[in-house]
Amino acid sequence: CNSKSPSASFFIGLDSLLEENPDSALVLLNDINPSDLSNSQQAEYALLMVQAMDKNYIPYTNDSLIMVAVNYYKGRSKKKDKQSKAYYYLGRVYEGLGDDVAATQAYLSALDIMGERGVSKLHLYANINLASCYYYQDLYERSMERYRKAYEIGVELGDKSNLFFPLRAIGGNYVALNQPD
């Protein structure tokens, strides 16, 4: 918690700002010159920048920025939370680029790192996005399993706003399977 690096506390503040004001976080991130940062700071910057782009609906053109974070956090056992988040956003990038197969692999990697049985918003979102990738690959049964898992996580989190997407998608899967429920 006590960091000697002033930029570390700045990144912590940006991480918090991303939740409520992603547009403001994006403006601040755009003012940073990543070449002035250490390797660990560049990885943190890349992860925050991709999150800000995602939350501001800025389309991706390639995976080079998120790969900075993925490559840095890969295999770092003390950074599993950042590693899983990097793989989750790698999946978001691949989804945005229209590559559902690569996105599926990235989400599976994120869930593998986090552990399948966890209950967090990242678990919820990884399952929702993985289910969506399965759906667009016409893998409706797998999609249904993941949406149901996401629903269960949403119930455990106790926030009703997290239940809308899984429930709507479960209904869509029933339609795709021609099984009225």
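Here are a few notes on three helices, α7, α2 and α5, for someone opening this structure for the first time.

1. Before anything else, keep in mind that this is a predicted model.

2. A good place to start is α7, the helix running over residues 121-136. Does its length add up, or what should we expect of it? With 16 residues at 1.5 Å each, α7 should span 22 Å, and its end C-alpha atoms sit 23 Å apart, so the two agree.

3. How much of α7 is covered? Mostly, it turns out: 12 of its 16 residues are buried. Among them are L122, H123 and L124, and further along the buried set includes I128, N129, L130 and Y134.

4. What do those buried residues of α7 pack against? Their partners are α5, α6 (100-114), α8 (140-157) and α9 (164-176). Just a small extra here: α7 is followed by D138, which has a positive phi, near 60°.

5. Now for α2, which covers residues 22-30. Its buried residues include P22, A25, L26 and L29. Those four lie on the same side of α2, because the arc they cover around the axis is only 100°.

6. Last stop, K82, which you'll find in helix α5 (residues 80-96). Its side chain makes a polar contact of 3.0 Å with the side chain of E44. Leaving aside residues up to four places away in sequence, K82 touches E44, L47 and Y73. So E44 turns up twice for K82, once in the polar contact and once in the list of touching residues.

Technical notes:
Residues numbered from 1 in each chain as written. Predicted model: local features only at pLDDT ≥ 70, side-chain atom pairs only at ≥ 80, totals over all residues. Heavy atoms only, no water. Helix = DSSP H or I, 4+ residues; strand = E, 2+ residues; numbered from the N terminus. Polar contact = N/O pair within 3.5 Å; in protein donor to acceptor, adjacent residues only side chain to side chain. Contact = heavy atoms within 4.5 Å. Expected span 1.5 Å × (residues − 1). Buried < 20%, exposed > 50% of the residue type's maximum accessible area, 1.4 Å probe, protein only. Arc of directions from axis to C-beta.
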